[in-house]
Every structure is written in structure tokens, then in C-alpha cells.
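Let's work through two short exercises together. Have the viewer open and try each task before reading its solution.

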2 protein chains.
Amino acid sequence: MRQETIENYLKNIYHLSIGNKAIVGNFQLAEKLNIRPASVTEGLRKLHDLKYVIYEKSYGTRLTPIGAKLALTIVRRHRIWETYLAKELGFGWDEVHEIAEELEHIQNDKLINKLSELLGNPVYDPHGDPIPDEKGKIKKENFINLSSAKPKNSYKIRGVSDHSTVFLKYLEKHRLIIGAHLKIDSIEEFDQSLIITCNKKEVIISPKVADNIIVELL
Amino acid sequence: MRQETIENYLKNIYHLSIGNKAIVGNFQLAEKLNIRPASVTEGLRKLHDLKYVIYEKSYGTRLTPIGAKLALTIVRRHRIWETYLAKELGFGWDEVHEIAEELEHIQNDKLINKLSELLGNPVYDPHGDPIPDEKGKIKKENFINLSSAKPKNSYKIRGVSDHSTVFLKYLEKHRLIIGAHLKIDSIEEFDQSLIITCNKKEVIISPKVADNIIVELL
DNA sequence: ATTATTAATTAGGCATACCAAATTTAATAA
DNA sequence: TTATTAAATTTGGTATGCCTAATTAATAAT
């Protein structure tokens with residue numbers, strides 16, 4: 001199996017098992033990998049043989065310790081590159097994801113460690129995601145999705161789940177950036193829209209948008 | 001055809017047509033690409049269809065303007081990355097080639113231009129090779145191989161043809177680095193070894209080594 | 001000019017990573 | 001419990017990029 005293929009599978013299994021539940025289904029994984037479920041079945045069987053995952057057919061998949069370690073290596077590479085591109089080269093937070101998607105497959109740990117050092121060993125990337133350290137240790141915070149926040153409470157934006165350019169450009173337009181404070185005024189009963197105050201301005205946010213903003217209760 | 005495959009073919013055709021002659025043979029190209037001649041025949045037919053090369057069977061191959069442009073893009077990427085790794089991240093000149101071999105396939109011109117700018121738009125990489133500019137324009141110098149240098153003349157080292165770690169470590173050990181001045185004392189008749197003086201020390205150099213050192217007559 | 005020799009091509013094959021269509025398995029609702 | 005629906009798997013197939021072995025073409029040597 002090509003190294004890049006392995007890495008893309010493991011990375012996405014990792015993200016799915018963090019974001020949703022421990023056991024990952026083929027259908028979701030197929031969507032993330034942009035391939036058909038039939039191909040995923042095949043790929044997972046190989047990754048199982050390679051001891052990267054435990055794949056029980058028609059049930060689900062989870063990472064082995066070996067697989068998790070490699071997954072975290074890729075996540076680290078990705079987030080270090082994103083941080084580097086934004087901080088050192090002046091790319092926008094909406095541009096870095098795509099480039100890092102390629103750079104994360106460069107096989108050289110010394111390179112990543114040098115970049116990390118140059119950046120002062122950052123713990124968060126430009127999207128607010130925690131960067132695993134060299135050993136794969138990653139900060140675990142109990143931030144929540146804005147979509148599950150309660151009215152009248154105040155929150156601080158800590159990150160985003162969607163990294164696409166369109167989404168990030170949208171957030172920027174409304175000044176909904178990492179670190180910003182916001183208060184939930186009310187929740188629209190009809191469609192679950194949030195009416196929030198941020199930067200002294202009222203903004204209405206769709207449930208889909210709220211679902212991709214990560215906040216911390218203040 | 002995968003982009004990386006295309007790029008590796010074109011890059012190597014470019015290097016062979018500069019170093020040797022305009023028309024490149026399959027056998028040499030196979031060696032450079034580390035694949036068998038039979039596979040090269042197949043690859044070249046495809047590159048011909050894609051208009052990157054003009055391939056005349058059993059005769060040879062040359063780049064089209066389109067192909068040359070892409071080849072120079074790859075060469076630029078490679079050399080910018082090498083310079084970046086050496087100058088900004090402190091990698092040794094013997095380490096950078098391998099890493100750049102991967103990095104050169106990252107598809108983002110803005111990235112390369114930002115790196116170039118950060119470095120002050122360098123014209124030479126750590127091995128003394130000229131870096132093409134954004135338009136593909138590359139400095140053409142008439143340096144010569146040390147192996148074709150004449151006794152009693154003095155030269156300045158301007159570059160190397162082989163970029164392998166072993167070779168570069170060897171040169172470093174003898175202080176035969178870019179910029180160093182040397183004088184050819186004599187040429188051994190028996191095996192064409194060169195007896196040279198560099199940094200006030202006499203060094204004996206094999207023809208193979210001399211063939212991979214590029215010098216300028218002083 | 002004929003013969004070696006070396007290079008290039010053809011023919012037939014293999015592994016990877018994907019696919020669509022048909023089928024099976026599991027989960028959910030009636 | 002059975003019917004319905006959704007997810008996962010199997011089967012058979014494709015394109016890519018390589019390979020070896022056999023053959024043909026070009027080059028060099030006698």
C-alpha cells in the first residue's frame with residue numbers, strides 16, 4: 001500500500017473517531033476519503049493486515065496503537081505546516097489547509113521538528129486545533145460546539161471544525177475569529193438559528209454554521 | 001498519468017539534455033528514473049501524447065516548450081526548497097537534496113514565490129546550481145568540469161554535479177567547498193588523477209571526483 | 001559488408017487503487 | 001416478527017505504472 005494512501009486512511013479514521021464515536025463506519029470514511037465504500041472495504045482489509053487498524057467486517061474499524069501513532073504524526077505534520085504557512089509566510093487561515101494537505105505527506109521528522117522549533121513549539125494551529133507533540137501527545141480540551149451552547153451564556157471562540165476556504169472567509173467577514181467573545185441572545189425556535197452578539201454587533205447564525213464553531217464557556 | 005510521474009520524467013529529461021546532449025536516450029533516462037528501459041518507452045509515448053516531449057522511437061526524446069517550462073518549474077521548486085532548508089532551517093548541504101526531492105512536487109506556485117522572496121530571491125542553491133526565476137529564466141554560465149581543466153591554471157569551485165550525501169561529505173572533509181580556490185599542479189598520467197592545491201594543502205583527486213566538481217577559470 | 005554489441009521495443013503479466021452493480025448483512029420501523 | 005431501508009461486502013472490471021523475457025533496430029568493430 002502506498003504510504004500516502006495509508007496516511008490518508010489513518011488520518012481520517014482518527015478524525016472520525018475523535019469527532020463522532022470510537023468505532024468508524026465505512027460509509028463515513030468513504031465520504032471523507034472521496035472514494036466509494038466498496039474501495040474502503042478493500043483498503044481497511046489491507047490496513048488490518050498491516051496492523052494499523054482493527055477492522056471487524058460489517059461492524060466497524062478502530063486504530064491500533066501503531067495506527068494511532070502514525071495518525072497523530074500526520075496530524076502533527078499538517079498542523080505544524082498550517083501554522084508555519086500562516087505565521088511565517090503570511091498565508092491566510094483560509095488558504096493553509098489545502099497546501100498542508102499535500103505537505104503533511106513529506107517524510108522527514110527532523111524537518112517538522114525544526115519548523116516547530118522555529119515557531120516556538122506552538123500548541124494550537126491557525127484554526128484553533130491542538131498540535132500533537134513529537135511523541136504524539138495532544139492537548140485534550142472540553143470545548144463544545146456552538147450548536148450545543150445555551151442561551152444567555154457567554155463564550156469564547158476556540159476553533160472551527162470545517163477548514164474550507166468558503167467557511168473561513170464567511171467567518172472572517174463577520175469577525176467570528178478565534179479568540180472572539182460572544183453572547184447567545186436567543187435561539188430561534190423555528191429553525192434553531194442562533195442570535196448572538198459578537199463585537200457589539202448582532203449576528204444571526206444558521207445551525208450548520210454553529211455546528212462548525214468550537215467555543216469555551218466563559 | 002500521475003503529476004509526480006510526469007514531473008520526474010521531465011526533470012530528468014531536462015537534466016540529461018543540459019548535461020549531455022539535446023536528444024535523450026531511453027537507457028540513460030531509465031537509469032536516472034530508477035526504472036527499466038521498457039517502462040521508459042511506455043512513459044515517453046504517453047508524455048508525447050500529452051505534448052510534453054517529442055519522442056521519436058528508437059531515436060530519442062526532447063522537451064517541447066511546454067515540457068521545458070514544466071521541467072524548469074520543478075527545477076526551480078527543488079532549488080528554492082534546497083536553499084530554504086539550508087539557509088533558514090540549518091540543514092547541511094549534504095542533507096537537502098533528498099528532502100527537496102519530495103518537496104518539489106508540492107503544487108503551489110505562491111508558496112515557492114513566498115519562499116523565494118523570504119530568501120531574497122537567490123540565484124544559486126547550496127550546490128552552486130542556478131535557480132530559474134518565476135518565468136523559467138535560468139542563468140547560463142560557462143563553467144567547466146574540473147576533469148577537463150588544464151594543469152598550472154587556477155580555478156574557483158562553483159558547484160557540484162552529484163548531490164549525494166556521501167560525495168558532499170567527502171568534499172567537505174577536504175574543504176573542497178563552493179567558493180574555494182584551487183590550482184592544478186599536475187595530472188597523473190597513469191590514471192588521470194589530479195594533484196591540486198587547495199587551502200594551501202595538496203590533495204589528490206580521482207577522475208570520477210573531478211568529473212563532479214564544477215569550476216570557473218580564474 | 002558482416003558480425004558483435006548495445007539500445008530500444010514489443011508482448012504478456014503483475015500489483016495497486018480505484019470503480020459500478022449485485023448481493024448480503026444489520027438496523028429500524030411497522 | 002416481518003418489512004423496509006441503509007450500510008457493507010462481494011464480484012468482476014478498469015487504468016496506471018511498473019516488470020521480465022524475447023525480439024528488433026541501431027551502432028561499432030572487424
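**Exercise 1.** Work out how the residues of the surface near DNA strand C divide into nonpolar, polar and charged, and then find where phosphate oxygens of the strand meet the protein.

*Solution.* Start with the composition: in this predicted model, the surface near DNA strand C has seven nonpolar, seven polar and six charged residues. Next, look for the residues that come nearest to the strand: these are A:R2, A:S39, B:N26, B:F27 and B:Y55. Now turn to the DNA side, where sugar or phosphate accounts for 74% of the strand's atoms within 4 Å of the protein. Finally, pick out phosphate oxygens. One lies 2.5 Å from a polar backbone atom of B:F27, while side-chain N or O atoms serve at B:T41, at 2.8 Å, and at A:T5, at 3.3 Å. The elements giving two or more residues to this surface are α3 (37-49) of chain A, plus α2 (26-33) and α3 (37-49) of chain B.

**Exercise 2.** Describe the contact between chain A and chain B, from its area down to a single salt bridge.

*Solution.* First, count the participants: each chain brings 21 residues. The buried area is about 1700 Å², with 63% from carbon and sulfur atoms. Within chain A's share, A:L89, A:E102 and A:K114 together supply 28%, more than any other three residues. Then search for charged pairs: the interface holds two salt bridges, and one joins the side chains of A:E95 and B:K110, with N to O at 2.6 Å. Last, assign elements on chain A's side: α4 (65-87), α5 (96-103) and α6 (109-118) each supply at least two residues, and α6(A) gives the most, with five.

Key. Residues numbered from 1 in each chain as written. Chains lettered and ligands numbered in written order. Predicted model: local features only at pLDDT ≥ 70, side-chain atom pairs only at ≥ 80, totals over all residues. Heavy atoms only, no water. Near = heavy atom within 4 Å. Polar contact = N/O pair within 3.5 Å; in protein donor to acceptor, adjacent residues only side chain to side chain. Helix = DSSP H or I, 4+ residues; strand = E, 2+ residues; numbered from the N terminus. Nonpolar A, V, L, I, M, F, W, Y, C, P; charged D, E, K, R; others polar. Buried area = accessible area lost by both parts, 1.4 Å probe. Salt bridge = Lys/Arg side-chain N within 4 Å of Asp/Glu carboxyl O.
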